Amino acid sequence: MSVRHAILGLLAHEPRHGYDLHGAFEALVGGRGVWPVNPAQIYTTLSRLEEAGLVVKSMTRRVGGPDQNVFELTEAGREELDRWYESGAPSMHQRDEVFLKITLAVADDRARPERVISRQRATLYRDLHELTTRRSQLDTEAPLAHKLLLDKAIMHIEADLRWLEMTEARLHEMSRQPVPEREKPRRGRPRVTSIDKRPGEEGGDDT
Amino acid sequence: MTIAETRGLTKIYGAGETRVVALDHVDLAIEPGEFVAVMGPSGCGKSTLLNLMGGLDTPTEGSVVLDGRDIAAMSDDELTSVRRKRIGFVFQFFNLIPVLTAAENASLPLVLDGVPPKEALGRAEEMLAKVGLTHRSGSRPDQLSGGQQQRVAVARALITDPALVLADEPTGNLDSRSSEEIAGLLRQVSGEWGRAILMVTHDPRIAAHADRIVFMRDGRIVDDTRIANSDSARDAMERAGLL
């Protein structure tokens, strides 16, 4: 998750010190309850950004307080931030734990895929309850950005629930198919043709 | 403590080859102030359950116990009275009377129960204010938006101070914004005003406002899940893939 780029984006608005950045990030997403980032993570990221020459540190003297490191975006940092705006963010939805649980449970005699689905549905509805509660607590004065972030989370859960429902309806069908396995490497010299019989399909002529 | 309960509730329609088991030995207990959503594919028996619990239909077998009394064992007069006083109904198409004002519609259960119209109207005004319709009490249904009409229907359902509110797809005829508002209002009705609610819905986002979801299939309860008071929103966001 790109806390790194969020820091660059926040520094593009104005130079800030580490503690200030942490608060600015929390304010951006709507509080630590929504998206917690630990201050140490901010400082670690800042020193990596500094090593990479994307931010630069300068000391400021404060009257009546300790001196502080203030970070500022460099030219290279600005370019990196622009590259980030220009590029698409990958969707990670195909790396899915629930998919793994269900597919493996279907092929496991001692597992109960229906139960996996039912537990997952309960989890999703609990999350949805929590998010809709939070969403309805945001009044008309609340920043639109915070509403949109919660809406996004809610929409993802709605999609997950739909997928779960579809998968549940096809569970029986799924259980009649073997778990996808990679094709076994053949012995001997590889054949040149791309269409060939799979092992165990002797006599089968369905092409 | 339960306010409403079904025991082995069964409903069979038809006989012989056309015999359909709409509800198959359903046991469900609802506590005061609990907001329960019922979900499931069409034909799973959720509307039948609601109708039986509301005394709008009679069970083939089993019982519905409301305030500790089996409603199937009641006389017609008794049942009518219980239906009017102890159960509030909210429907998909509001079911308001077009020629009556919001206040008159909301006061109707009291008037039917013999409360003097003036007193009934006064209480209806109060109830309309509670559901957020202070300034529209004199409007007729066709002068109100869908969301406002449903608020009137909620006020009407609550005016007799019922033990149980039954809501059948209460947001099925509303846009998403009004749906959220009505769901939020029902949440308030249960959480702050302590009424038990049984709501049938097919919309996950509306069901998510409830404290508990009962999933039905083929006339049976296949899952019964408490969804309120769980992890923080942060965990929810994390699982939604946003962290």
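**Surface, sheet and nonpolar patch of chain A**

Chain A exposes about 14700 Å², of which carbon and sulfur atoms supply 51%. This value, like those that follow, comes from a predicted model. Of the 207 residues in chain A, 33% are buried. Turning to contacts between residues at least 6 apart in the sequence of chain A, 54% join residues at least 24 apart.

The secondary structure of chain A consists of 8 helices and 3 strands. Followed along the sequence, these elements give the pattern α-β-α-α-β-β-α-α-α-α-α. A helix thus opens the pattern of chain A, and a run of helices closes it.

The strands are a good place to begin a closer look. They form an open sheet of 3 strands in chain A, with the order E1-E3-E2 and antiparallel pairing. Strand E1 (16–17) and strand E2 (55–60) of chain A are the edge strands, each pairing on one side only. Strand E3 of chain A, which spans residues 68–73, runs antiparallel to E2(A), and 6 bridges join the two. Within this part of the sheet, A:Ser58 stands opposite A:Val70 of E3(A).

Two helices can be placed against these strands. Helix H1 of chain A, covering residues 3–13, lies across E1, E2 and E3 of chain A. The direction of H1 makes an angle of about 95 degrees with E3(A). Helix H3 of chain A, covering residues 39–51, lies across E2 and E3 of chain A. For H3, the angle is about 110 degrees, taken relative to E2(A). Strands E2 and E3 of chain A are therefore crossed by H1 and also by H3, while residues 55–60 of E2 form one of the sheet edges.

A further feature is found on the surface. A:Phe99, A:Leu100, A:Leu104, A:Trp163 and A:Met166 make a nonpolar surface patch of about 500 Å². The elements giving two or more residues to this patch are helix H5 (97–106) and helix H7 (144–169) of chain A. With 3 residues, H5(A) gives the most to the nonpolar patch.

One member of the patch deserves a note of its own. A:Trp163 is located in helix H7 of chain A. Because its relative accessibility is 31%, A:Trp163 counts as partly exposed. A:Trp163 accordingly passes the cut-off for patch residues, which is over 30% relative accessible area.

Terms used
Residues are numbered from 1 along each chain as its sequence is written. Chains are lettered from A and ligands numbered from 1 in the order in which they are written. This is a predicted model: local features need pLDDT of at least 70, side-chain atom pairs count only at pLDDT 80 or more; totals for chains, interfaces and linings use all residues. Side-chain values use heavy atoms; hydrogens and water are left out. Helices (H or I, at least four residues) and strands (E, at least two) are DSSP runs, numbered from the N terminus. Buried means under 20% relative accessible area, exposed over 50%, partly exposed in between (1.4 Å probe, protein chains only). Contact means heavy atoms within 4.5 Å. Accessible areas come from the Shrake-Rupley method with a 1.4 Å probe; for residues, only the protein chains shown count as cover. Two strands pair if DSSP finds at least two bridges between them. Axes are lines fitted to C-alpha atoms, for helices over the stretch in contact, and angles run from 0 to 180 degrees between N-to-C directions. Patches are made of residues with over 30% relative accessible area and no salt bridge: like charges are joined within 9 Å, nonpolar side chains (Val, Leu, Ile, Met, Phe, Trp, Tyr) within 5 Å. A salt bridge is a side-chain nitrogen of Lys or Arg within 4 Å of a carboxyl oxygen of Asp or Glu.
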